[in-house]
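Thanks, everyone; I would like to take a few minutes on empty space and helix packing. Please have a look at the model first.

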Amino acid sequence: MAAFGGSFRTIFPIADIKRDRAAGTGYACPVIKTRLRTVVAALAACTLPLCILPCPVAAARPPVPPLPRDAPGPALDAVVTAVPPAKLGLSWHAGCPVPASELRLVQMNHWGFDDQVHRGELVVRQRAVTSLLKVFGQALQAKFPIRHMRVMAEFDGNDEAAMAADNTSAFNCRKVTGDPSEVSQHSYGDAVDINTLENPYVDVNEKVYPAAGAAFLDRSQQAKGMIHPGDVISRAMRAAGWQWGGRWNPPDYQHFSANGRSA
């Protein structure tokens, strides 16, 4: 209505109404022109709710419910930084094949044997960070349990002590346990050992590490924390291009490495 004089016109342009009519929505009625006096008289002669608009309003549609979504799992919440000297401790020393500047401290959540989320730490080579974040992210979503995830500095770089504690770890500049003639792949920061008790290591002399891990050499078991072909850990590692020592002879069920080797 122009200055409340002249002709009353619907506020919807004709093009919009044609579009709404075709879509079956909005005010699908013809444009109405009438004099102001006629409109006022019509409003006075009828009940207000029935006469406010010149044509029926489409019934309001109920809101469309959102698509169902799976409940989100626990978040990895990873933080990647340079490695403070205290987090390296005796696990690194001069002459190691990887300088400390190429290592990264990864702090992230993992699922525990108590069915709770825990905060863990790994020291890995920078180039291995992305792959391992994917692996441990999938492990967390699947609630694959990890008993401990502590840097090797807490064990003074002692691999046997870490295995006895059922620790999951990565970088440790050392010789191969049970074969001191070889430099371990862990010295390069692109190998990881997972749940060392449930996934024992057998050296070239057929000695089992840790000793208590001998109870898990029967791989037909389905004990919590064990790694099996086709499970979330082995699939995620394979997708990342890492290979599993569980297929070796003698086997190293806890070990995964980027180059598929122990040394």
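I will go through one helix pair and then one cavity.

This is a predicted model, in which local features need pLDDT of at least 70 and side-chain atom pairs count only at pLDDT 80 or more, while totals for chains, interfaces and linings use all residues. Residues are numbered from 1 along each chain as its sequence is written, and side-chain values use heavy atoms, with hydrogens and water left out.

Helix 5 (residues 129-141) and helix 7 (residues 232-240) pack at about 155°, with axes 9 Å apart; helices here are DSSP runs of H or I with at least four residues, strands runs of E with at least two, numbered from the N terminus. Axes are lines fitted to C-alpha atoms over the stretch in contact, and angles run from 0 to 180 degrees between N-to-C directions. The two helices, helix 5 and helix 7, are therefore roughly antiparallel, a term for angles over 145 degrees. On the helix 5 side, Ser131, Leu132, Val135, Gln138 and Ala139 meet Val232, Ile233, Ala236, Met237 and Ala240 of helix 7, where contact means heavy atoms within 4.5 Å.

Turning to enclosed space, the largest cavity holds about 50 Å³; a cavity is a set of points on a 1 Å grid over the protein atoms alone where a 1.4 Å probe fits but cannot get out, and lining residues have an atom within 4 Å of a point. A volume is the space filled by probe spheres set on the points, which are joined across faces, edges and corners. Strand 5 contributes most to the lining of the largest cavity, with three residues, and among the lining residues are Lys87, Glu121 and Phe171.

Conventions: Angles under 35 degrees count as roughly parallel, over 145 as roughly antiparallel, 65 to 115 as roughly perpendicular and the rest as oblique. On a 1 Å grid over the protein atoms alone, a cavity is a set of points where a 1.4 Å probe fits but cannot get out, and a pocket is an open set with protein on both sides within 12 Å along at least five of seven lines; lining residues have an atom within 4 Å of a point.
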